[in-house]
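Take a moment to look over the sequence and the model before reading on. Then we can walk through the fold together, one piece at a time.

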Amino acid sequence: MEGKSRPPATVGEAIHRMDAYVALGLIGQQEVAQALGLNVTDLTCLGHVLGAGEDPLSAGDLAERANLTTGAVTGVLNRLEKAGYAHRAPDPADRRRVRVVADPDAAARVVALYQPFYARLEDVFARYTPEETAVIADWFTHAAEAARAHLHSLRGRAL
């Protein structure tokens with residue numbers, strides 16, 4: 001597959017398009033969270049739990065991935081357990097730690113809501129060569145690092 005010729009875009013134009021995509025994504029996350037009876041933070045954490053798959057996250061790992069305090073994650077886990085989406089399980093290697101395990105039925109409900117969107121994204125990615133897809137994936141990795149650094153600086157700033 002050859003890459004397609006695309007119209008040029010400046011960095012500013014690309015950032016503007018990214019902002020539009022992110023804004024739409026935020027609304028989508030709110031809709032999915034509402035459909036599942038969760039708030040967006042809890043849905044985000046559930047996404048991290050599901051993404052961990054067969055290697056469940058510790059509560060501390062979840063806090064780090066979600067950029068939350070451990071106290072905030074305790075509240076998230078309480079709500080996810082109450083709603084039946086996840087539960088705490090003792091860490092077999094260290095009984096003082098807990099791991100967060102997703103409920104399989106809940107995971108299926110989440111996948112059912114996201115799958116149509118992921119199928120659409122697969123159609124979008126089909127427009128790109130493997131090399132272009134690698135660039136897109138690399139960009140997302142570095143953009144996430146920049147977002148994390150900015151979030152850290154915002155939280156350290158006195159308002």
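What follows is a short tour, from the overall layout to a few individual residues.

First, some ground rules. This is a predicted model, so local features need pLDDT of at least 70 and side-chain atom pairs count only at pLDDT 80 or more, while totals for chains, interfaces and linings use all residues. Residues are numbered from 1 along each chain as its sequence is written, and side-chain values use heavy atoms, with hydrogens and water left out.

Let's start with the big picture. The chain has six helices and three strands; these are DSSP runs numbered from the N terminus, with helices being H or I runs of at least four residues and strands being E runs of at least two. If you read along the sequence, you meet them in the pattern α-α-β-α-α-β-β-α-α. The C-alpha trace spans about 55 × 40 × 30 Å along its principal axes.

Next, how do the parts touch? Count a contact whenever heavy atoms are within 4.5 Å. Among contacts between residues at least 6 apart in sequence, 50% join residues at least 24 apart.

Now for the surface. The accessible surface of the chain is about 11100 Å², and 60% of that belongs to carbon and sulfur atoms; the areas come from the Shrake-Rupley method with a 1.4 Å probe, and for residues only the protein chains shown count as cover. We can sort residues by relative accessible area: under 20% is buried, over 50% is exposed, and in between is partly exposed (1.4 Å probe, protein chains only). Of the 159 residues in the chain, 19% are buried.

Let's go inside. A nonpolar core is a set of buried Ala, Val, Leu, Ile, Met, Phe, Trp, Tyr and Cys residues joined through side-chain atoms within 4.5 Å. The largest one here has 23 residues, and those with the most contacts inside it are L36, L62, L80 and Y85. The elements giving two or more residues to this core are α1 (11-36), α2 (40-52), α3 (59-66), α4 (70-82) and α5 (104-125). With five residues, α2 gives the most.

Have a closer look at Y85. Leaving aside its neighbours within four places in sequence, Y85 is in contact with L36, L38, L46, L80, V101, A102, D103, A106 and R109. One of these partners, L38, sits in the loop between α1 and α2. Is L38 buried or exposed? L38 counts as buried because its relative accessibility is 11%. Beyond its own neighbours within four places in sequence, L38 is in contact with A33, L43, L46, L80, A83 and Y85. L38 and A83 are 45 residues apart along the chain, yet their C-alpha atoms are separated by 8.2 Å. For another pair, try V124 and L43: they are 81 residues apart along the chain, and their C-alpha atoms are separated by 25 Å. V124 is found in helix α5 and is partly exposed, with a relative accessible area of 38%.

On to the charged side chains. A salt bridge is a side-chain nitrogen of Lys or Arg within 4 Å of a carboxyl oxygen of Asp or Glu, and the whole structure has seven of them. R6 and E132 form one, at 3.3 Å from N to O. That pair links distant parts of the chain: R6 is in the segment before α1 and E132 is in helix α6 (residues 130-156), 126 residues apart.

Another salt bridge joins R79 and D42, whose closest N and O atoms are 2.7 Å apart. R79 lies in helix α4 and D42 in helix α2, so the pair ties together parts that are 37 residues apart in sequence. R79 is partly exposed at 40% relative accessibility, whereas D42 is buried at 2%. The side chains of R88 and E81 also meet, at 2.4 Å from N to O. Here R88 is partly exposed at 28%, and E81 is partly exposed at 30%. There is a network of salt bridges too, linking D61, D91, R97 and R99.

Last stop: a backbone detail. Most residues other than glycine have a negative phi. N67 has a positive phi, near 60°. You'll find N67 in the loop between α3 and α4, where N67 is partly exposed with a relative accessible area of 25%.
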